[in-house]
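I'm opening my notebook on a structure I haven't looked at before. I'll jot down what I look up as I go.

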Amino acid sequence: MKNKSLGINACLNMIRTALSVVFPLITFPYISSVLSIENVGKYNFAYSVITYFELFAGLGISTYAIREGAKLRNNYKTISKFASEIFTINLISTIISYTVLILCIIFVPRFHGYESVLMVLSIYIITITLGCEWIYSIYEEYLYITVRAIVAYALSLVLLFIMVKEADDLLNYAFVMAIATGGSNLLYIISRRKYCRIRILWNLKNSKIKNHMKPILMIFGNTVTTNIYVNAGMILLGFLSTEYHVGLYSVSVKIYSVVKKILAAVITVSIPRLSNLWGTGKYDDFSKTANKIFVLLISLVLPAVIGLMGLSEEVINIISNKKYLSAKLSLIILCFALIFSVFNWFFTSCILIPVHKEEKVLHITIISACINVGVNSVFIPLYQQNAAAIATLLAEGIGMILSILYARKYFKIQISKKDFTSVIIGCCAIIGVCIFVKRPEYNVYLNTGISIILSILAYGGIMCLFKNSIIISVFNFFKKHNRR
């Protein structure tokens, strides 16, 4: 199999991730004006419930399948056997998840009245299981994944305006969102036969399913723990402070989460390549590739964080309004946490997971969760939303330090002075732009737009001036393809 460009894959996955974030944002104004407030609340409650059932249906299967499958992708027969085993596990976990969901709908009084919307939204759980998107990640087919996502979101947008026109069109809206989230996964069933043949394994005793369960459950434990501690700040803020401070913090967290998801898209596309290199014994290539990804992250994360800090007030105004400007300090604190979070993710997902150290990842997550909950419990009564942000900062920072300590046996950071210097000077240029370009007479959109454009030009110019290795790689890529 010919390796695809990691840089192009990263850009494609960032586009796809950005779409998943932007789609709900651009549709919400329409939905909030059409549906009744009660139905909007009903949908959000039902969706939050379904995400937990989707989490349990998915286990840690996708991450594990990508890691192990990347080693086998050059052998059709072997990858087909492996994919069948993983699919069977996923199907069983999905059936269990649906069974528990139905029991909850029947016996939990809080769910009475939500039966229809819960079942309609749950469509995306089974489509994700049947689609097996992880197969395409194993083969690094991110162009197909991204194009499929664009088509799905475009179709959903059309369906939204056709099917949701009245205040009572809640089920139609739930169906459209289920299609946007997972319905197009069914397209994978048609085209995946060229990569592998999947079948359900009925004789579980003669399969290797048991061998897969321990690492899958270890990764699942890490996912659950991460979800708990990510939401801990918001939950404890609700218990120990007021709704006003919860509202402020929710704006900061929303911005933090969006930027984090987009930046982390670089990491996601790297896991199959690194797993393949480590699994096939190409340790030098593993180290070189990991360092390229590390330099790429440095080149993207630092300027993104500096820019977000410089425009924090404007971004809060755009996402919400001036009433939420008190969230500025908590957003700035979360910007620092973002640096630790992304690089913690790099060392856990790109180094420790490919080298089969998922138990270390679980240890890191548990320690981070304990720190997060502990700091929140003590300081929220004193500092409200800022305490929640500081707890996230400390948890992510200590998590990153631990992940570096665990990963140093397998990976040594190598970044040239030229690359590092270009990033630092470029970030200084962004600070200058954010300070001197903004004008009080301009509106928030104009200030933000001009600052972003000039920051990109200044940062890109400095990267070119210093001949940063990322820029050189991009130039070489386009030269190579222009010759063709």
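**Rings, charges and a surface patch**

I started with a group of tyrosines: ring pairs join Tyr136, Tyr139, Tyr144, Tyr188 and Tyr195 into a cluster. I'm noting here that the model is predicted.

Next I counted ring pairs overall, and the structure has 23 aromatic pairs. I picked out Tyr136 and Tyr195, which meet edge-to-face, at 5.5 Å centre to centre with 75 degrees between their planes. This pair ties together distant parts of the chain, 59 residues apart. I found Tyr136 in helix α7 (residues 134-138), while Tyr195 sits in the loop between α10 (186-191) and α11 (209-240).

Are these two rings buried or exposed? Tyr136 has a relative accessibility of 1%, so I put it down as buried. Tyr195 comes out at 9%, so it goes down as buried too.

Then I checked for charges over rings. Lys42 lies over the face of Tyr114, 5.6 Å from the ring centre. I also found Arg110 over the face of Phe45, at 4.3 Å from the ring centre.

Last, I went looking on the surface. I found a nonpolar patch there made of Ile102, Leu103, Ile106, Phe107 and Met119, and together they have about 480 Å² of accessible area. Which helix gives the patch its largest share? I traced that to helix α4 (residues 76-107), which supplies four residues. Phe107 is in helix α4. I looked up its accessibility as well: Phe107 is at 62% relative accessibility, so I've marked it as exposed.

Technical notes: Residues numbered from 1 in each chain as written. Predicted model: local features only at pLDDT ≥ 70, side-chain atom pairs only at ≥ 80, totals over all residues. Heavy atoms only, no water. Phe/Tyr/Trp six-rings, centres within 6.5 Å; stacked < 30°, edge-to-face > 60°. Helix = DSSP H or I, 4+ residues; strand = E, 2+ residues; numbered from the N terminus. Buried < 20%, exposed > 50% of the residue type's maximum accessible area, 1.4 Å probe, protein only. Lys NZ or Arg CZ within 6 Å of the ring centre and 35° of its normal. Patch = residues over 30% accessible without salt bridge, like charges linked within 9 Å, V, L, I, M, F, W, Y side chains within 5 Å. Areas by Shrake-Rupley, 256 points an atom, 1.4 Å probe, with all protein chains shown as cover. Salt bridge = Lys/Arg side-chain N within 4 Å of Asp/Glu carboxyl O.
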